[in-house]
Amino acid sequence: MGIAIQLPDGNVLEYEQPVSAGKVAEDISPGLARAAVAAVVDGTAVDLATAMGEGTHRLQILTARDDASLEILRHTTAHVMAMAVRRLYGPKVQYSIGPALVDDFQYGFYYDFDLPEPISSEDLPKIQAEMAKIVAEDLPLTRVELSVEEARTRFADLGQDYKIEMIDDLVANEGVDTVSLYEQGDFTDLCRGPHLPSTRKVGKAFKLLSVAGAYWRGDESRKMLTRVYGVAFFDKKDLAAHLERIEQARKRDHRVLGKQLGLFMISDDVGPGLPLWLPKGTIIRMELEGWLRAELLKRGYQAVITPHIGKIDLYRTSGHYPYYEHGLFPTMETGQDAGYLLKPMNCPHHIQIYKVEQRSYRDLPVRLSEFGTVYRFEQSGELSGLIRVRGFTQDDAHIFCTPEQLAAEIESCVDLTCYVLQTLELTDYRVRIGLRDPDSEKYIGSAENWDLAEDNIRGVVRKLGMDYTEEPGEAAFYGPKIDFVVTDCIGREWQLGTIQVDYNLPERFGLEYVGADNAVHRPVMVHRAPLGSPERFIGILIEHFGGAFPVWLSPVQVAVLPVSEKTAEYAEKVADAARQAGLRVELDSGADKIGARIRRWTMQKVPALFVVGAREAEAGTVAVRVRGRGEAGAFPLAEAVAALVREAATRGTKKAFPVEEG
Ligand SMILES: [Zn+2]
Ligand SMILES: [Zn+2]
């Protein structure tokens, strides 16, 4: 017998005695040993110190270059932070959980503490400095296996009640009789690992970011703990780039910009998650919806309007009730009918409209569209500005077609969605196909129908040559779907437009059409929403554009600013000319200096400012300042107005005042 270690390159190393991954790394090369952070043995991530015994093992040494290493680095950094907090705030500090995060846009790890005194973000530099000391001390991280009893005693001695509770849970839920601990210096944590071999390997590219409250176990009836967030990388350049991205996101936060630009509000008196559109935000929304309505008419859709509520039995037939029950506002009892629901979806209403008359194959496809507002009772903790709300509109439509027409209809929905995204300057997107999870019970309809629908969708996406991924379990409960996942200008992904194929609701509602053969057939339905929801979409657009909307969507398209009172009259003439041409204009003859007024309207992210002084008044021109670029020069009034009108009408394809950046 012996030990055979298979390396990723196919080489096999033989050993007589149990050997650690770290020793194998040394035997391969000193460089690899220095770069090693952890290892994967037979598919499981482990510490470098983990010994491999008798038999054959597959071994991969992880270095900073491997994606899996980042989580290990961040988790180790969380341990270092907990140790630092304990050193600074004393042995009364209790530490509960401290996971690494790898998919979060902002944070890379956190730790929840029960502290003897409150801390704030002002304390973070001090903690960070202590962490740097611990890193410099080069303390090895050692794994120890203890019996449950020994571990309980150990954490009792350390005054760590949360750890004891976690051990009890491990015993209750997983039936363990031993647990693993990690030690570095005098700090001990309950942990599965793996970890970096020493604190020095954490390096210098970490930063603590914020302090927040978090209930123990996320349970509002338990104690509120202090959560400290941070992030860590192997490379300082990566950290700097990450901090820059966070800063960009902070500046673009749609809740902040929404307030600053007067776009929307959430009123406690109306209710959380129920946005109110202010006049300027309403302009953006009306422009967006008006454009889409016109486009839909061109593409053969018919507009309909349906009520915000419906009888509960309607949703029983559709399957939305009870499927969606937990996400719904409570039922309205009227005493006469079985009760009403605020509609969670528009589909059952549109289905009634389809059924209003006998349909022939000659009528199909029937495409019914509506900006229909729906209501879902999201948890209050989940609500966020316009992105997660309780009442929102869908740019919804339902297409009823023959099975033969289906592929062409899906294709045209894909085309519409691409057109919408590109017009809105969201050009970086990918396609995700949501399939059913074969093991789940939540889907309605037959397996044959599902196979058919999934094949239809795949077929179209392949035919169009689009890159796509398939994700089982991501389908709607009535059918598979195509989602467009958009990357915004700072690299965040958002799920936007969706197209869903549905053989099931037509069956549940007994939909029919008379075919060319004079027999009765069942149509197929397509549900689709290129924006998804205007509320959420505009929230994302605010962040994508950083509030600087293209001219056609800008609530104020031009601000006219007289240099002094002397040109106030001419300024009025300028504003009037712009208004008559259909532009949205603000005239600011305020008492403050021209510089202050320029700043004010620049802060409001108005795309163009027309500044008029004596020279302009005399020449019949305007001095144009373009958002983000500065002075563009003087233009004859009519020309400047026409250029802006043209930019709005072409939705940015033709720029009004092309000037050099700078
Ligand atoms: Zn840990
Ligand atoms: Zn629908």
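This is a guided tour of one predicted model, stop by stop.

**The whole chain**

Start with everything shown as a cartoon. The chain holds 20 helices and 33 strands. Its C-alpha atoms fill a box of roughly 85 × 80 × 60 Å along the principal axes. Of the 662 residues, 36% are buried. Now turn to contacts with a separation of 6 or more: 69% of them join residues 24 or more positions apart.

Next, colour by domain. Domain 1 takes 3-62 and domain 2 takes 67-250. Domain 3 is written in two pieces, 301-306 and 346-532. Domain 4 covers 558-649. Put a distance marker between the C-alpha centres of domain 2 and domain 3; it should read 44 Å.

**Stop 1: helix α6**

Select residues 161-174. This is α6, with 14 residues. Its first and last C-alpha atoms are 20 Å apart, close to the 20 Å expected at 1.5 Å a residue.

Which residues of α6 are buried? Show Y162, K163 and I167 as sticks; these are the ones. They cover an arc of only 145 degrees around the axis, so they sit on the same side of α6. Rotate to the other side of α6, where D168, D169 and A172 are exposed.

Go back to the buried residues and add their surroundings. They pack against β8 (94-95), α5 (148-157), β11 (178-184) and β12 (187-190). Then step past the end of the helix. G175 follows α6 and has a positive phi, near 65 degrees.

**Stop 2: strands around β14**

Select 224-232 for strand β14. Add β9, residues 109-114; five bridges join it to β14, and the two run antiparallel. Label Y111, which stands opposite V228 in β14.

Now add β13, residues 206-215. It pairs with β14 in the antiparallel sense over nine bridges. Here K207 stands opposite V231 of β14.

**Stop 3: the nonpolar cores**

Show the largest nonpolar core as spheres. It has 62 residues, and I410, I457, I482 and V526 touch the most other members. Helix α13 (residues 406-423) gives the largest share of this core, six residues.

Centre on V526. What is it in contact with, leaving aside neighbours within four places in sequence? The partners are I399, E409, I410, C413, I499, Q500 and V501.

Switch to a new colour for a second, separate core. This one has 52 residues, including M81, I134, A151 and V179.

**Stop 4: strand β20**

Select 366-375. This is β20, a mostly covered strand: seven of its 10 residues are buried. Add β17, residues 302-303, which pairs with β20 in the parallel sense over two bridges. A303 stands opposite S369 in β20.

Then add β21, residues 391-401. It runs antiparallel to β20, and 10 bridges join them. Look for F371, which stands opposite D395 in β21.

**Stop 5: helix α17**

Move to 568-580, helix α17. Its 13 residues should span 18 Å at 1.5 Å a residue, and its end C-alpha atoms are 18 Å apart, which agrees.

Show Y570, A571, V574, A575 and A578, the buried residues of α17. Why are they on the same side? They cover an arc of only 140 degrees around the axis, which puts them there on α17. The spacing fits a general rule. An α-helix has 3.6 residues a turn, so residues three or four places apart point the same way.

Turn to the face of α17 away from its buried side. E569 and Q580 are exposed there. Now bring in what the buried residues pack against: β29 (558-562), β30 (585-587), β31 (608-612), α19 (614-619), β32 (621-626) and α20 (637-649). After the helix comes G582, with a positive phi near 95 degrees.

**Stop 6: strand β31**

Stay here and isolate β31. Five of its five residues are buried. In a regular strand the side chains alternate between the two faces of the sheet. See this in β31: A608, F610 and V612 lie on one side, L609 and V611 on the other, and all are buried.

Finish with the pairings of β31. Five bridges join β29 to β31, and the two run parallel. A559 has L609 in β31 as its bridge partner. On to β32, which pairs with β31 in the antiparallel sense over four bridges. Last label: A608, opposite V626 in β32.

Methods. Residues are numbered from 1 along each chain as its sequence is written. Chains are lettered from A and ligands numbered from 1 in the order in which they are written. This is a predicted model: local features need pLDDT of at least 70, side-chain atom pairs count only at pLDDT 80 or more; totals for chains, interfaces and linings use all residues. A residue is buried if 20 or more other C-beta atoms lie within 10 Å of its own, exposed if 12 or fewer, and partly exposed in between; C-beta atoms are placed from the backbone. Two residues are in contact if their C-beta atoms, placed from the backbone, lie within 7 Å. The expected span of a helix is 1.5 Å times one less than its number of residues. The arc is that of the directions from the helix axis to the C-beta atoms. A nonpolar core is a set of buried Ala, Val, Leu, Ile, Met, Phe, Trp, Tyr and Cys residues joined through C-beta atoms within 7 Å. Domain bounds come from an automatic or database domain assignment. Two strands pair if DSSP finds at least two bridges between them.
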